[in-house]
Amino acid sequence: GSKGSGDGQFNEPWGIAVAPNGDVYVADTWNHRIQEFDANGRFLAKWGSFADAKGQLGVQAGGFYGPRGVAVAPNGNVLVTDTGNKRVQVFDSKGRFVSMFGGDGTDPGKFKEPVGIAIDSAGNIYVADTWNHRIQKFDPNGQPLAQYPVSGWDSESIVNKPYLAVGPDGQIFCTEPEKNQFFVLDSNGKLISSKGGLGTTPRSFDLPIGIAVSTTGQVFVADDHNARVVEYQSWR
């Protein structure tokens, strides 16, 4: 990549996901699109353009307002947090629109600044509903199942952009950027661990944002202001 709006170029890419076949999907945030690459980084496809749906569902399908997160479901569908439009959009692996859910609001299933998104092995969907200070859990069809409060997301600043990951045993991993830590919930939303603190030591952070978990339980955190990735061999 490089800066720009051409094929394979980016304007603040915030989210990334890898499909089982190795294809890579990138949320090219301020180009308001998703780009697809093969496992060697060769450009394959793109979809999306700017659209302001004003928090509504059922309008301007396939258009985005600053998409921040992307995840691949077990069935191969690609889910995108359409952050500015306060919704999640679902596409097939080739970028054809399938469905959408969410919309502006505070009720279960609604969003205020959805950012991170993750999917477990059963297809359940987890969304960092940042300004509603909660993680929301949905079934594979986008129906709300549960809400888990997150007190650390008390800011609406432009740097408070948390991301999620699901571990091999179903735990939910999430960053708290302005609290300089990440935390771990069990599959029922109960807090079981937190790691970090402000600093530059190997086990501290300065604005952690992205997070990923390997199949063997290693945790990788994008430590933004320290300009590094921090690896934990285990979250325990």
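**Exercise 1. How many residues of the lining of the largest pocket are nonpolar, how many polar and how many charged?**

The model is predicted: local features need pLDDT of at least 70 and side-chain atom pairs pLDDT 80 or more, while totals for chains, interfaces and linings use all residues. Residues are numbered from 1 along each chain as its sequence is written, and side-chain values use heavy atoms, leaving out hydrogens and water.

Step 1. A pocket is an open set of points, on a 1 Å grid over the protein atoms alone, where a 1.4 Å probe fits, with protein on both sides within 12 Å along at least five of seven lines; lining residues have an atom within 4 Å of a point.

Step 2. The largest pocket has 46 lining residues, with I16, L164, A165, I211 and A212 nearest its centre. Its space is about 1300 Å³, a volume being the space filled by probe spheres set on the grid points, which are joined across faces, edges and corners.

Step 3. Ala, Val, Leu, Ile, Met, Phe, Trp, Tyr, Cys and Pro count as nonpolar, Asp, Glu, Lys and Arg as charged, and the others, Gly among them, as polar. The lining of the largest pocket thus divides into 32 nonpolar, 10 polar and four charged residues.

Step 4. Strand β1 contributes the most to this lining, namely six residues; strands are DSSP runs of E, at least two residues long, numbered from the N terminus.

**Exercise 2. Describe the salt bridge between K46 and D7.**

Step 1. A salt bridge is a side-chain nitrogen of Lys or Arg within 4 Å of a carboxyl oxygen of Asp or Glu. The count by this rule is 10.

Step 2. K46 and D7 satisfy the rule with an N to O distance of 2.7 Å. The two lie 39 residues apart, K46 in strand β4 (residues 43-47) and D7 in the segment before β1 (13-18).

Step 3. Buried means under 20% relative accessible area, exposed over 50%, and partly exposed in between (1.4 Å probe, protein chains only). K46 is partly exposed because its relative accessibility is 45%, and D7 is partly exposed because its relative accessible area is 45%.

**Exercise 3. Is D38 buried or exposed?**

Step 1. D38 forms a salt bridge with R42, the closest N and O atoms being 2.9 Å apart.

Step 2. D38 counts as buried because its relative accessibility is 12%. Its partner R42 is exposed, with a relative accessible area of 51%.

Step 3. A further pair, R134 and D129, forms a salt bridge at 2.6 Å, N to O; R134 and D129 are both buried.

How values were computed
Helix = DSSP H or I, 4+ residues; strand = E, 2+ residues; numbered from the N terminus.
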